[in-house]
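Visitor: Could you take me slowly through the disulfides of this protein, and through the strands and rings around them? I would like one connected account rather than a list.

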Amino acid sequence: MMRHTRLAAALVSSAVMMTGMTAAAQAAPAAEDATRAGAVAAAVPDPGVTKKSGSWCTYTKWGGTFYCNSQLKHKLPNGHFQVFVIGTNKQAYSRWSSPKGGVSKWTSLGGTCIKPGQGSIGMAWVGKNKWNFAITCIGSNSKRYYKEREANGKWSGWRLNKY
């Protein structure tokens with residue numbers, strides 16, 4: 001029997017990131033009830049494993065170039081994956097699988113994460129809704145900051161860590 005799941009849809013945040021990026025660059029997967037839409041989620045592509053290539057790492061299926069040991073693979077409540085990495089410019093980036101089996105483009109979440117490869121990116125849950133969570137990274141002043149994802153897919157700006 002096919003099981004209804006929640007579909008991920010790309011929404012654009014209305015806030016401008018602390019790096020000055022436009023709101024259009026802040027897309028994130030959002031929850032939509034498949035039963036209301038009468039749809040069933042397609043197969044979920046996995047980003048694969050992390051592979052070292054020279055002094056950088058990449059996902060075997062989703063690509064990208066990022067600091068090794070600076071990635072986080074997260075399974076969303078609808079079964080789709082979202083990954084977070086620290087890119088070569090030390091900004092946080094995200095990519096996620098889509099409802100139709102595709103994969104988003106890499107999206108910058110801005111900020112400056114130092115100490116890549118030393119546990120500088122992480123995740124903390126906020127609230128009871130598992131679509132609402134926060135990622136954290138160590139900023140250029142060596143303090144941990146967080147960026148919260150709301151249930152509707154919008155992201156906050158970077159804030160001093162409260163987790």
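Guide: A residue is called buried here when its relative accessible area is under 20%, exposed when that area is over 50%, and partly exposed in between. With that scale in hand, Cys57 counts as buried, because its relative accessible area is 6%. The model in which this value was computed is a predicted one, so a word on confidence, which is expressed as pLDDT from 0 to 100, belongs at the start. The mean pLDDT of the protein chain is 72, and 71% of the residues reach 70 or more. Among the elements of the chain, strand 1 (residues 6-11) has the lowest mean pLDDT, at 24, whereas strand 8 (residues 107-110) has the highest, at 95. Over residues 1-43 the pLDDT is below 50, although this stretch has 98 contacts in the model beyond near neighbours in sequence.

The count of disulfides comes to two, and, with bonded cysteines counted along the chain, they follow the pattern 1-2, 3-4. In one of them Cys57 is joined to Cys68, with the sulfur atoms 2.0 Å apart, and the link is right-handed, with 105° about the S-S bond. Because Cys57 belongs to strand 4 and Cys68 to strand 5 (residues 63-75), this disulfide ties together parts that are eleven residues apart in sequence. Cys68 is buried as well, at 15% relative accessibility.

The surroundings of Cys57 are worth following strand by strand. Strand 4 (residues 56-59) pairs with strand 3 (residues 50-53) in the antiparallel sense over four bridges, and within that pairing Cys57 is the bridge partner of Lys52. The two strands form a hairpin with two residues between them, and Gly54 in the turn has a positive phi of about 70°.

Strand 4 also contributes to one of the five aromatic pairs that a search of the whole structure finds. Trp56 and Tyr67 meet edge-to-face, with 4.8 Å from centre to centre and 70° between the planes; Trp56 lies in strand 4 and Tyr67 in strand 5, eleven residues apart. Trp56 is partly exposed, at 27% relative accessibility.

The other disulfide joins Cys113 to Cys137, with 2.3 Å from S to S, and this link is left-handed, with -85° about the S-S bond. It connects distant parts of the chain, 24 residues apart: Cys113 sits in the loop between strand 8 and strand 9 (121-125), and Cys137 in strand 10 (residues 133-138). Both ends are buried, Cys113 with a relative accessible area of 0% and Cys137 with 2%.

Strand 10, which holds Cys137, belongs to an open antiparallel sheet of four strands in the order 9-10-11-12. The edges of that sheet are strand 9 and strand 12 (159-160), each of which pairs on one side only. Strand 10 pairs with strand 11 (residues 144-149) in the antiparallel sense over six bridges, and Ala134 stands opposite Glu148 of strand 11.

Strand 10 also has a part in the aromatic pairs. The centres of the Phe84 and Phe133 rings are 6.2 Å apart and their planes lie at 80°, so this pair is edge-to-face. Since Phe84 lies in strand 6 (residues 81-87) and Phe133 in strand 10, the pair ties together parts 49 residues apart in sequence. Phe84 is buried, at 0% relative accessible area, and Phe133 is buried at 0% too. Ring pairs link Phe84 and Phe133 with Trp155 into a cluster.

How values were computed. Residues numbered from 1 in each chain as written. Predicted model: local features only at pLDDT ≥ 70, side-chain atom pairs only at ≥ 80, totals over all residues. Heavy atoms only, no water. Pairing = 2+ DSSP bridges. pLDDT = per-residue confidence, 0-100. Contact = heavy atoms within 4.5 Å. Disulfide = S-S within 2.5 Å. Buried < 20%, exposed > 50% of the residue type's maximum accessible area, 1.4 Å probe, protein only. Phe/Tyr/Trp six-rings, centres within 6.5 Å; stacked < 30°, edge-to-face > 60°.
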